[in-house]
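Hi there,

Here is the structure I promised to pass on to you. Have a look at it first, and then read my notes below.

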Amino acid sequence: MTAAMIRAPTFLLLLQLLFTTVAAHFSSSSSSSSSSSSSSATLSEWRSGRATYYAAADPRDAVGGACGYGDLVKSGYGMATVGLSEALFERGQICGGCFELRCVDDLRWCIPGTSIIVTATNFCAPNYGFPADGGGHCNPPNNHFVLPIEAFEKIAIWKAANMPVHYRRIKCRKEGGVRFTLGGSGIFLSVLISNVGGAGDIVGVKIKGSRTGWLPMGRNWGQNWHLNADLKNQPLSFEISASDGITLTSYNVAPKGWNFGQTFEGKQFES
């Protein structure tokens with residue numbers, strides 16, 4: 001047996017070991033990368049944005065808004081509210097959603113270790129007379145928040161004006177049940193849905209009278225939903241679906257003798 005014949009199997013064995021090691025390395029790297037990506041996807045993601053504030057010169061400034069909640073204090077939202085730029089507002093579907101904000105990157109004005117939780121109740125319209133990075137705070141693609149000064153001053157000194165923030169969506173925690181405020185006239189029925197826990201923003205609504213099946217309602221604006229149907233003198237039940245896919249059904253929320261202008265309370269989403 002020659003030396004060459006002895007070296008050939010040895011060479012093949014070394015080559016096999018080399019391929020096995022390389023394959024194991026890439027397999028390990030791929031698994032690690034996949035695991036890391038999956039892990040990060042399950043974490044609450046903080047994103048970058050900016051925030052300004054407004055100071056209400058008149059108590060009536062706390063009434064109204066693009067989501068239709070009316071008097072924010074009477075509706076239970078108080079000053080823990082926010083107006084969102086076009087990039088965040090989602091044409092009103094986001095109304096009722098909750099955000100956590102914290103001041104970042106400005107040691108002069110930030111109040112360390114603080115954050116606020118606010119509910120989306122209004123829209124900050126873009127101003128195309130200014131560029132997005134030069135005065136058009138709410139222009140696309142800016143992720144911008146307009147806060148009441150009472151909320152702003154919980155995380156930063158008012159002199160910060162247009163400050164950088166980190167924000168994330170969180171579950172809403174509300175006291176009591178979801179509220180249904182009935183409006184309209186004749187066979188036109190509108191329902192304002194407020195005080196929503198969990199995801200906070202409602203994407204689908206159905207209503208049922210004692211003499212009907214479940215009837216889908218259409219979004220009028222914000223969290224105002226409407227329907228043309230004669231539901232007078234019938235107790236009303238509601239089925240509402242949130243943006244996270246959870247559906248909540250409240251039976252006989254409004255009694256048979258309900259009237260326009262009244263508010264009734266149903267069940268609440270878990271938060």
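Let's start with the hairpin of S12 and S13, where 4 residues sit between the two strands. Gly245 in this hairpin takes a positive phi near 90°. Please keep in mind that the model is a predicted one.

How do the two strands of this hairpin run? Strand S12 covers residues 236–242 and strand S13 covers residues 247–254, and the two are antiparallel, joined by 5 bridges. If you would like one pair to find on screen, look for Ile240, whose bridge partner in S13 is Leu248.

While you are in strand S13, click on Thr249, which also belongs to this strand. Is Thr249 buried or exposed? Its relative accessible area is 19%, and because buried means under 20%, Thr249 counts as buried. Leaving aside residues up to four places away in sequence, Thr249 touches Trp214, Phe238, Glu239 and Lys267.

Now for another part of the model. A closed barrel is built from 6 strands, in the order S1-S5-S2-S4-S3-S6, and the pairing is mixed. From one strand to the next, the twist averages 45°.

Which sense of pairing do S1 and S5 show? Strand S1 (residues 47–54) and strand S5 (residues 144–148) pair in the parallel sense, over 5 bridges. To see where they meet, find Thr52, which stands opposite Val146 in S5.

As you trace these strands, one general point may help: in a regular strand, the side chains alternate between the two faces of the sheet.

Enjoy exploring!

Best wishes

How values were computed: Residues numbered from 1 in each chain as written. Predicted model: local features only at pLDDT ≥ 70, side-chain atom pairs only at ≥ 80, totals over all residues. Heavy atoms only, no water. Pairing = 2+ DSSP bridges. Axes fitted to C-alpha atoms, helices over the stretch in contact; angles between N-to-C directions. Buried < 20%, exposed > 50% of the residue type's maximum accessible area, 1.4 Å probe, protein only. Contact = heavy atoms within 4.5 Å.
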